Amino acid sequence: MGISRRDFFKHTSAIAATAVIGNQTEVLADQKDINHTDRYGVLVDTTFCNGCRKCEWACNEWNKNPNQPIKAFEDKSVFNKIRRTHAANFTVVNRFINPEDSNPIYVKKQCMHCEEPACLSACFVDAFKKTDKGAVVYNAGICVGCRYCMVACPFDIPAYEYHEPVNPRVTKCTFCFNRTDKEGRVPACVEICPTETLRFGKRSELIAIAHERIRNNPRRYIDHVYGEDEIGGTSWLYLSTIPFEQIGFKTDLGKKPIPDLSKGFLFNVKVLEIVASWPLVFAAFHAIKKLRNRHKNEEEAAKEKKAEKYGKKV
Amino acid sequence: MERKSETSSWVRDKIFLGMTFPEYLKSNLTLSNGIAAIILIIAVPVMIYRFVYGLGPSTNLSDTNPWGIWIGVDVLCGIALAAGGLVMGTAYYLFGMKEYHNLVRPAVLTSLIGYLFAVFGLLFDLGRYYRLPYPMIVSYGLTSIMFLIAWHFALYIIALFVEWSPALFEWLNLKKMRTLFSKLAVWATAFGVIIAGGHQAALGALFVVAPGKLHPLWYSELLPVFFLVSAVVAGLSMVVVESALTHRVFKKQVEHFDNAAFDRVITKLGKGASAALFTYFILKVFGVAHSDNWTLLNTPYGYWFLFEILVFVLLPTFLFAYGARYKNVRITQWTALLTVTGIMLNRINTSLIAFNWNAPERYYPLWTEVVITIGVVTMGILAFRFVVNRMAILYDHPDHELLH
């Protein structure tokens, strides 16, 4: 029965700890400046995309992924299936059908470069970094290959080189961090885009532009910038003419950053472990003392026995 | 020459159970060893295949389903079922419940082997297995739940080793070491309680970061608590199952046992398991109520959820209570097996069946994955038997009987 009593204490203290600490961390999060105004982003206006898939070609080209001639990307049959990112495809364009006018809507998919990335907080060797410019980048040099980042990513973006037996890597869009570090250069996909779909710039400015477009053209857009608040905000932002769940986005993610879910747990565990250690230390002392007493009694008993044998009193 | 014969007699005594090598080989020609040999003859080449050709050809893992049975079964089930050492160690060393004396060492050994082989199984899953120690020495992902688990696993394996080591030193006739480590074992147990509880909960917390991917009936912010409480249940049940099995398999070693006392202890464990299971059941119901998921119960996944918590949680709660009330050991033992199955089902549901329930592609294991898992479990059982046949696990070492 001791166990259930212990559990009871654990639970009540867990609840108490969450009540006290949980609120506190929220306050701290509010105070923290999470608007990094210098960070870049890309605004994807899905109403302009014509599905040419040149961005896929340019992405493969820049990232040295196996590529095909640009002509091959005109093949529309790939749109028959909804595709996702894979080890050699950091970005894919999918086609959805607008139920109102049956026109196609093309949606580019790639890493969203979260403001507070789930992959980063999931990684147990800290292989992900959010750079000052906004890119979430991955370091294959320390990756152990547990693939927890892939489990944690709410957008199902990171892919894995499963066919690489010795040095497999997690792969995903790099936000062309090795292009944009030079003044005036934009990601490969943005550069090649022949329409006004992709726009690279300061994230805060892009949000302003997005809202302006919605204001100026309320019939063209639904009043929502995807990525502005989703799970704490993402560097890539989307505009759409129909609700986002109809063009392949998850709209039930909420505004809370994913890392907050694990942060609270880790904090509580540490607090509980420190608190719980005292009764355990006490119990261990007690147990050792008992052990010692028993040793002593046994020794005395043995001595007595010996003494009896020789017929002497001690 | 003399030295050589000394060593060979040491090997004979310690490794070959006092037999000559040919005798020892002959004694191993049994049906169970034959089955084990067949399993290993198939599994070992498959294991090598995995390392040579990589995860792609040897698994059904994909970008959408990055985790398969090596995580869901080898690690999640393995660690839950290895909670026996935690439960028994606490009861015996820290709460001083002397009646569990005979169950402590087998439980600690089961846990030690369970953890070691869970990590061994994990090696197959890790893309770069050779970097296993990286989170300890190269780079620290302090915000990661996985980081906490990695450290806790490493520390807990050391703690379990210390808890188990008195048996090792008895076997090696190192009396001073034994006395020293018997004391350390108490500390290791106290330390182990903290970290074992922490990482059992953390295994549940792994999935807290994937709210959109796990079916709402299984997803809850209470997942860490579910995992912790059900690990206590699994630990208690596993001690019952394991003692039932070892008492049958290693009959000779427990000849002089007081069977009535053993039965009493088993039904008492059942009583504890019943209480823990009931706590777990209430928490699960609380989880459904908290997220207001009642309507989801009337869906196919809902029936599956109800099957899990009614047949494998609520039913054994009553069966354990019945076993304890009427001192029915048989019922307690079968119920323990039912409960262990249920906890495994829960881990498999959380990590595989209810995970990615709405994803465009579902995961099912490739035969090679199943073969490697069976191979890992077989190796674990063989390791357990190797130790039990040689060391004082099920009985007291004759030199140290007085100390207990």
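The following exercises concern a predicted model with chains A and B.

**Exercise 1.** State what confidence scores accompany the model and how chain B scores in pLDDT.

*Solution.* Begin with the scores of the model: ipTM is 0.91 and pTM is 0.88. Then turn to chain B, where the average pLDDT is 92 and 97% of the residues reach at least 70.

**Exercise 2.** Describe chain A by its secondary structure, its buried fraction and the sequence separation of its contacts.

*Solution.* Chain A contains eight helices and nine strands. Of its 314 residues, 37% are buried. Next, take the contacts in chain A between residues at least 6 apart in sequence: 62% of these join residues at least 24 apart.

**Exercise 3.** Determine how many residues each chain gives to the contact between chains A and B, and characterise the side of chain B.

*Solution.* Chain A contributes 59 residues and chain B contributes 56 residues. The elements of chain B that supply two or more residues to this side include α3 (31-53), α9 (145-171) and α12 (259-290). The greatest contribution comes from α10(B), with 10 residues. Sorted by class, the side of chain B that touches chain A comprises 39 nonpolar, 13 polar and four charged residues.

**Exercise 4.** Classify the packing of α6(B) against α11(B) as roughly parallel, roughly perpendicular, roughly antiparallel or oblique.

*Solution.* The two helices pack at an angle of about 90°, and their axes are 7 Å apart. Angles of 65 to 115 degrees count as roughly perpendicular, so α6(B) is roughly perpendicular to α11(B). On the α6(B) side, the residues in contact are B:Gly84, B:Leu86, B:Val87 and B:Met88; their partners in α11(B) include B:Val232, B:Leu236 and B:Glu242. By class, this contact has seven nonpolar, two polar and one charged residues.

Terms used. Residues are numbered from 1 along each chain as its sequence is written. Chains are lettered from A and ligands numbered from 1 in the order in which they are written. This is a predicted model: local features need pLDDT of at least 70, side-chain atom pairs count only at pLDDT 80 or more; totals for chains, interfaces and linings use all residues. Helices (H or I, at least four residues) and strands (E, at least two) are DSSP runs, numbered from the N terminus. A residue is buried if 20 or more other C-beta atoms lie within 10 Å of its own, exposed if 12 or fewer, and partly exposed in between; C-beta atoms are placed from the backbone. Two residues are in contact if their C-beta atoms, placed from the backbone, lie within 7 Å. Ala, Val, Leu, Ile, Met, Phe, Trp, Tyr, Cys and Pro count as nonpolar, Asp, Glu, Lys and Arg as charged, and the others, Gly among them, as polar. pLDDT is the predictor's confidence in each residue, from 0 to 100. Axes are lines fitted to C-alpha atoms, for helices over the stretch in contact, and angles run from 0 to 180 degrees between N-to-C directions. Angles under 35 degrees count as roughly parallel, over 145 as roughly antiparallel, 65 to 115 as roughly perpendicular and the rest as oblique.
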